[in-house]
Amino acid sequence: MDKLIVHGGPTLRGTINISGSKNASLPILAASLLTADDCIIRRVPDVSDTNYMIQILSALGADVERSSGTVRITSADIMDEAPYELVRRMRASICVMGPLLARNGRCVVSLPGGCVIGDRPVDLHLRGLEALGAKIEFEGGNITLTAKDGLRGAEIDLRGTHGPTVLGTDNVMMAATLAEGITVIESAAAEPEVLDLANFLNAMGAKITGAGTRRIVIEGVKELHGVEHTVIPDRIEAGTFMAAAAIAGENVTLRRVCRDHLKAITAAIEASGHQVDFNEDGDICTVRRSEGKTHGVNLVTAPFPGYPTDMQAQMTALLATTPGISVIKDTIFPQRFMHCAELKRMGADIRVDNGTAVVHGVARLSAAPVMASDLRASAALVLAALTAKGSTEISRLYHIDRGYEQIDEKLLMLGANVERVKDH
Ligand code: EPU
């Protein structure tokens, strides 16, 4: 198991490229199961979550080749049972459910287990697929869905108590592409990753309109064909480096970003007093840390275009050393505050109560051995460590490797002093 040692102090400056989006790649890789033709997907980040998804596709019978960011998948004959040993490692493997059901009329997927960021049910996914005509059975920790006579279009409202569901919208949208008739998803997730999946499916011959809004209409087609697609930039990786620049940078430039996906993150970083500038095309962004004029902010996470829950932990790390009081509420995953206990071990002044963190900014954090608990929490600890006094050891680094491509190399390119070592 690797750990990361971050020697706090150096000022970050320079330019890096942002990778393709992990959360767009995962459902897009799964969507390749909808056709027997070749699918070529570019800018798939080389992170462990995309590797798990590729292993699942291979285990299902797909022929997969990967070379430097490009993945070619041919799913000629596909089985309908996703192997538990692989599925249990990643919650997002649930998004093979929609494509398998649509392609084979049957699928067996193990029920995802608990997750450190909170209770993550799949009731909305199942509600949607049931409305399309699937019969659902639970046995031995598995969900079996069958639709012997095929799926039929339906009107479905996918709103849950915490708002829309991203992967639930993806699953229903993928299944509906091959259903007979028209499907309308109300209260759909409008995240850019859902739109990227819809663009991928439309390029395969699907008939989807309204993706990127709360109402998606899918007219079922008989079959889909092969496609070439380039995945959108990872807005959360971009946001994480924007926060790193605000914490410890002077002049940090990020290439291959998308300004329209970063509005809420940009607004939050500007509200705390730092400067963010985009080029005219909106695909390059420069963040300049401000000394002296910074202040606390109030943040509430919300579905897109609101402030993303996946950037809550990283912003908490920035606000931990920003003078004044900040209040951060996570409405999507109210239990997603594991990073706060670790930040407190580094001297942060944070009180968490009922899905809300109240942060009193301190002048400087100090190094301590800390433990990563999940992907974004580990990113927050790395950011905090960049300016902390001393050397911070972050263990359980595999969490960060799930979703950040070469984070240590990118930090080194910006001038940070980090080293990856084996933890015995
Ligand atoms: N929910 C339900 N029932 C369901 C599904 C979700 O109640 O059937 C609830 C969840 O418990 C949560 C809310 O609805 O409170 C939203 O969850 P959502 O389904 O949107 O989450 P997801 O699709 O499983 C994706 C991302 C997450 C990100 C969330 C929210 C991927 C692979 N994962 O998960 O990303 O936090 O949307 O934006 O796209 C991450 O990258 O670190 C990560 C956790």
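The side chains of Asp310 and Arg336 meet in a salt bridge, with 2.8 Å between N and O, and this contact is a convenient place to begin a walk through what is a predicted model. Asp310 sits in the loop between β17 and α10 (312-320), while Arg336 sits in the loop between β18 and α11 (338-345), so the salt bridge ties together parts of the chain that are 26 residues apart in sequence. Both Asp310 and Arg336 are buried.

The strands named here, β17 and β18, lead on to a sheet. It is an open sheet of 4 strands, which follow one another in the order β17-β18-β20-β19, and their pairing is mixed. At the edges lie β17 (298-300) and β19 (349-353), each of which pairs on one side only. On average, and with direction ignored, neighbouring strands of this sheet are turned by 10° against each other. In general, the strands of a sheet pair through backbone hydrogen bonds, and they can do so in a parallel or an antiparallel way. Strand β18 (residues 325-329) and strand β20 (residues 356-360) pair in the antiparallel sense, over 5 bridges. To follow this pairing in the 3D view, one can start from Lys329, whose bridge partner in β20 is Thr356.

We return now to the salt bridges, of which the structure holds 21. In one of them Asp80 is joined to Arg106, and the closest N and O atoms are 3.2 Å apart. This pair also links distant parts of the chain, since Asp80 belongs to the loop between β5 (70-74) and α3 (84-87) and Arg106 to strand β6 (residues 106-110), 26 residues apart. Are the two partners buried or partly exposed? Asp80 has a relative accessibility of 19% and therefore counts as buried, because the limit for a buried residue is under 20%. Arg106, at 29% relative accessibility, counts as partly exposed.

A further salt bridge brings together the side chains of Asp401 and Arg420, at 2.9 Å from N to O. Here the link runs between helix α13 (residues 398-401), which holds Asp401, and strand β23 (residues 417-422), which holds Arg420, the two residues being 19 apart in the chain. Asp401 counts as partly exposed because its relative accessibility is 24%, and Arg420 is partly exposed as well, with a relative accessible area of 30%. Salt bridges that share partners join Asp401 and Arg420 with Asp2, Asp408 and Lys422 into one network.

Helix α7 offers a simple check of geometry. The helix has 12 residues (192-203), which at 1.5 Å a residue should span 16 Å, and because its end C-alpha atoms are indeed 16 Å apart, the expectation and the model agree. Which residues of α7 are buried? They are Pro192, Glu193, Val194, Asp196, Leu197, Ala198, Phe200 and Leu201. In an α-helix there are 3.6 residues a turn, so residues three or four places apart point the same way. Just after α7, Gly205 takes a positive phi of about 110°.

Finally, we turn to the empty spaces inside the model. A search of the whole structure finds 2 cavities of 30 Å³ or more, and the largest has a volume of about 50 Å³. Among the residues that line the largest cavity are Arg235, Asp260, His261, Phe304, Pro305, Gly306 and Pro308. Helix α9 (residues 263-271) gives the most to this lining, with 3 residues.

Conventions. Residues numbered from 1 in each chain as written. Predicted model: local features only at pLDDT ≥ 70, side-chain atom pairs only at ≥ 80, totals over all residues. Heavy atoms only, no water. Pairing = 2+ DSSP bridges. Axes fitted to C-alpha atoms, helices over the stretch in contact; angles between N-to-C directions. Expected span 1.5 Å × (residues − 1). Buried < 20%, exposed > 50% of the residue type's maximum accessible area, 1.4 Å probe, protein only. Salt bridge = Lys/Arg side-chain N within 4 Å of Asp/Glu carboxyl O. 1 Å grid on protein atoms, 1.4 Å probe; cavity = no way out; pocket = protein on both sides within 12 Å on 5 of 7 lines; lining within 4 Å. Points joined across faces, edges and corners; volume = space filled by probe spheres on them.
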